[in-house]
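Q: Could you walk me through this model, starting with how you count things?

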Amino acid sequence: MAATTTIEPRTAAGAVGPRRRKPMWAVVQRVLQYVLMVLLALFCVVPFAWVALTAVDADGGPTVGLPAFTLDNFVRFFTDGATPRLFLNSVIVSFAATALNLACGVLGAYALSRYRFRGRRTFMFAILLIRVIPPPATIVALYLLMVRIELDDSYLGLILVEASAALPITLWLLKGTIDAIPYQLEEAAWLDGCSRFGTIRRIILPLVGPGLGAAAMLTFMAVWGDFLTPLVLLQSPDLYPLSIGLFRSFTAFNQVDWGVLAASAVVYMAPPAVLYLFLRRHLMRSSLGGAVKA
Amino acid sequence: MRRNRVLAAVAAGLLLTGALTACSATGEGGPVTVKLLQFQEARADVVKDLIPEFEKAMAKKGRPVKVDLVTDILTDDQFRTKITQQFYSGTAPDVVDMGGSNVTGMAGAGYLLKLDTYLRTWDGWDEYYPSVKKGARQRDGSYYSVPHEASVQSLFYRKDVLQRLGIDTAQPRTWNELIARLKKVRAKTGEAPLVIPAGTAWGGGSWTEGLLPIVAGTGSTLYDEKSGKWKLRSKGLSATFDLYADLVEADLLPVRDLHNPNPWEPTKYEKFPQGTLPVAAQGSWGWKYDWGPEGAAPIKNSREKIGTWDYPALVPGTEPAPISGGGFGYSVNADAAHPDAAVELAKWLSSGKALARQLTAVGAVSPRAGLADTAPYSNEPSLLQAEGKLKSSIQPPLGDGEDRVSQAVQSATAKILAGEADGSQAADAFAEEAEQLLGSTRVAE
Amino acid sequence: MTTVKNPAARPTRRRRERAALPLLLGPSVLLIAVFVIAPAAYGVYLGLTNTQLTGFAARDPQFVGLENFRNLLGSADFLESLGRTGEFVLWSAIIGQTVLGMLAALLLRQKWLRGKGLFGALMLLPMVVPEVVASLTWASVLSSESDGTFNRLLGLFGSGAAAPLQEYPMASVILINVWRGIAFAMIMFQAALEDVPDELIEASRMDGASALQVFRHITLPLIRGPVFLYLLLTTITTVGVFGLVYFLTQGGPGQDTEITSIYIFQSAFKYSQIGLGSAASVILLILLTILGMTYARLAKVEV
């Protein structure tokens, strides 16, 4: 399709002569760019067709088909068997880990921004380097360590690990945000008799909103989507989050309920997708680019 | 003061998460609780029905036991990973129902309770077939599981299909004879006629249901029980890898299907029932688990449509023979809080009517004599017939490190399937990888 | 890289405020030390032992020095997994994501282009969904059944059904990872392109330079730093890809998609060779460090 549009106008443009060639060529270029845009967008979206269609299909299979429309799959997801538990586990772990991550992150970032102490720069640099370590490279030792300290196969262990894994990015993001808050505001608060923690709560917290939001989202999405850590750390089906639940039901041969599986996938992808699409513009600028450019 | 409030909030957050983990812990009074893990649905379903009977029987004896059945449906590989982790971290259940190949590694690591004294005083143990006992005995001479099933590995074939194609259905004496017949089938149908589990996608099956029965028939020693060492190069192994290469070369194996992530689906569940792939290397559970009326892919009138051959002779001087394929057994956690009750459960589930019902549910052969008249097992002629073969079957000896050998077998056979190696190259690759995984101390010169 | 603008001159701290520092920074340091640094260090130690989870060797792990490393470097399986990881990174991250992401970013820069908002949003979708969902969608697209999306597409060209995940497993997972990573490249390049003044490009176009020439000689040199930084980040991320591939193929068929992250997981947990898996992790980390320093040197990024 793209190939034919390329060739035809080009020969036509050549025949018209040099005077009209330029605007003609410009039009062709614009058309080509639109074609490219549509193709790229299709490439990104088409794979979701199956999930979207099968989730509302009464008798969906492993491949795309026109659905016999029903919302039954979602009803079953939230009422049947083990799936509500999966959802609940994902929610518990993601929210708790994000909260812990932010609590530590705000305090830590404040210290990194407002205090000068020996090793501060080294520390900042060290936690930046942590990003270089891919999770599969430490997961083996992490598992044995967690067994040693008896935190494997528990909410607490998973929450602590997830909160820590996202902490370096949170610290960097929030430090940047706090750096931008005028110091005079805090001094004024001190004169009014606020303590150090008081200023953090009254002055800093209201002003780090955007940074905090970005950090919260990045952490939440990382935890919500994580597959490897719960796969290794958790053994009790009662604790499985959605990622593991989906994997288990996908690999359970001969007894895959495709409709519910697709519905689970929709429920599972909805929170990050919605969050992202709403806050996209903000995120593109501040967090991702910023975290990297910093 | 304000500082305290922030700290209190952080502390409360930590406590809250702590409280959440506490939910999974259970407290119990009264009867002792035994946790039993099942990872296959068919087994879990039948055992679930049996548990109340066991509890009743124990209550009558004045030793009340409550059985807590944990059902987690997993593939073999997922189960192995999971149970290993649980044993390692000390969170494994009290009784685990698993295949014999898993027991070796777990017993070696000291995770399982030694059952010798319990079995010695149990009259049921005397009824077990010698080959089953031999299969369950570990290298240190002890037992770490109560086998509750046995199986016989054979080549299942579609009698109706082969007859229609005009192919001889008598027991083939040698592999060459069988290959000649398979080539005729291929010429007529244009499709690969034989499936032997091979490659990595089939996982442990490529070893226990694939290569092991073939090698066992060659008479070459694979594992020397006396020295506890593996013999990774032998005439039998070379002949077996050559056989795989020949089968692939002649397009007799469904290579593409074996690459499927669930290779049993297109082969055993689709093409064998359809009749387009008429021969399958298979354990006796195939009668029920795969092709029985409630199996994964039912075949109607299976007794009439399916027959079994013993594995043909591969090397000169051997005879066709059925191979004993082992089965699941109940193992008890070495750290079980109530080992006596746990063993009692294992024994009870391996006896009488409870045993008969499990055997029927999964299509296993009885590991002990005296069950032929116990319903519903007594209504299973295919299984009873296989039990008859059990007495004359070859029991391949196995020892510590079997999972490593299995891994090497999977990747070596995968190389043949991918066309990356011929028979002797695969045999070399197997020997090298297995030695590397086992460590040189566990390999015979 | 670490230049931070100090918004205000900092007056000297009152001494008693110092006491708050451990309270502020302590929790973060503790968490990172215990759950990030300690496992990395512990992994190095484990790599020097023959720790196993099953078998007789599990009872009493021994210190074996560099034996695991010797075994790995002589093992075809491990070296091939490294090769596959390299292939995976090269084709999916360095070539696929970069080229398509750059195209998307350049498109988003065109003032006359309509529908950019929707386009940008759609491009983000593959990145924001959890990796398990990404795998699941592609499992259906690449299904070997004749009504899989990909096979229907083939059908349009009159070709018979294929089973891409079985027949071209590596190409399939590379394609999937390209798909997943376009958005990240796009965002990074979009940010970088903001620093390229429009006037400069328009002026060169006036002088008769083709779009390609402008990109090569004007745009690219200006965004070189961010591009290399992106390459570094995407390389690290791609080496760490696990779930996407594991979900679909578990390293198979055969070992065709057994990239190093899967090799590590399988040897440590499926075959319970903790020592071997840890040693493989250490080798992977060393390689990544070397790679990171090379990128940094090439891009002349101040570290």
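A: Two residues are in contact if their C-beta atoms, placed from the backbone, lie within 7 Å. By that criterion, among contacts in chain B between residues at least 6 apart in sequence, 74% join residues at least 24 apart. The model is a predicted one, in which local features need pLDDT of at least 70 and side-chain atom pairs count only at pLDDT 80 or more, while totals for chains, interfaces and linings use all residues. Residues are numbered from 1 along each chain as its sequence is written, and chains are lettered from A and ligands numbered from 1 in the order in which they are written.

Q: What radius of gyration does chain B have, and what would a compact globule have?

A: Chain B has 24 Å, which agrees with the value near 22 Å for a compact globule of 445 residues; the radius is taken over C-alpha atoms, and the globule rule is 2.2 Å times the number of residues to the power 0.38. Along the principal axes, the C-alpha atoms of chain B fill a box of roughly 85 × 55 × 45 Å.

Q: How many helices and strands does chain B have?

A: Chain B has 18 helices and 12 strands, where helices (H or I, at least four residues) and strands (E, at least two) are DSSP runs numbered from the N terminus.

Q: And what share of chain B is buried?

A: Buried residues make up 53% of the 445 residues in chain B. A residue is buried if 20 or more other C-beta atoms lie within 10 Å of its own, exposed if 12 or fewer, and partly exposed in between, with C-beta atoms placed from the backbone.

Q: Where does helix 9 of chain B bend?

A: Helix 9 of chain B bends by about 40° at B:Leu212, and a proline, B:Pro213, follows within four residues; the bend is the angle between axes fitted to the seven residues ending at a position and the seven starting there. Helix 9 (residues 205–218) of chain B has 14 residues that should span 20 Å at 1.5 Å a residue, and its end C-alpha atoms are 19 Å apart, which agrees. That expected span is 1.5 Å times one less than the number of residues. Of the 14 residues in helix 9 of chain B, 14 are buried, and the helix is followed by B:Gly219, whose phi is positive, near 80°.

Q: Switching to strands, which ones pair with strand 5 of chain B?

A: Strand 5 of chain B pairs in the antiparallel sense with strand 9 (residues 279–283) over 5 bridges, with strand 10 (residues 306–309) over 4 bridges and with strand 11 (residues 323–324) over 2 bridges. Two strands pair if DSSP finds at least two bridges between them. As for individual partners, B:Leu155 is bridged to B:Ala281 in strand 9, B:Phe156 to B:Thr308 in strand 10, and B:Val152 to B:Ser324 in strand 11.

Q: Is strand 5 enclosed or open, and why?

A: Strand 5 (residues 152–158) of chain B is largely enclosed by the rest of the structure, because 7 of its 7 residues are buried.

Q: What about backbone oddities, say the peptide bond from B:Ala375 to B:Pro376?

A: That bond is cis, with omega near 0°, and B:Pro376 is found in the loop between helix 15 (352–362) and helix 16 (381–390) of chain B. Most residues other than glycine have a negative phi, and most peptide bonds are trans. In chain A, A:Glu150 has a positive phi of about 55° although it is not a glycine, and A:Asp153 likewise has a positive phi of about 55°.

Q: Where is A:Glu150, and is A:Asp153 buried or exposed?

A: A:Glu150 sits in the loop between helix 7 (135–148) and helix 8 (155–165) of chain A, and A:Asp153 lies in the loop between helix 7 and helix 8 too. A:Asp153 is buried, with 21 other C-beta atoms within 10 Å, whereas A:Glu150 is partly exposed, with 13.

Q: Last topic: how many residues of chain B are in contact with chain C?

A: There are 28 residues of chain B in contact with 21 residues of chain C, and helix 17 of chain B gives the largest share of the chain B side, 6 residues.
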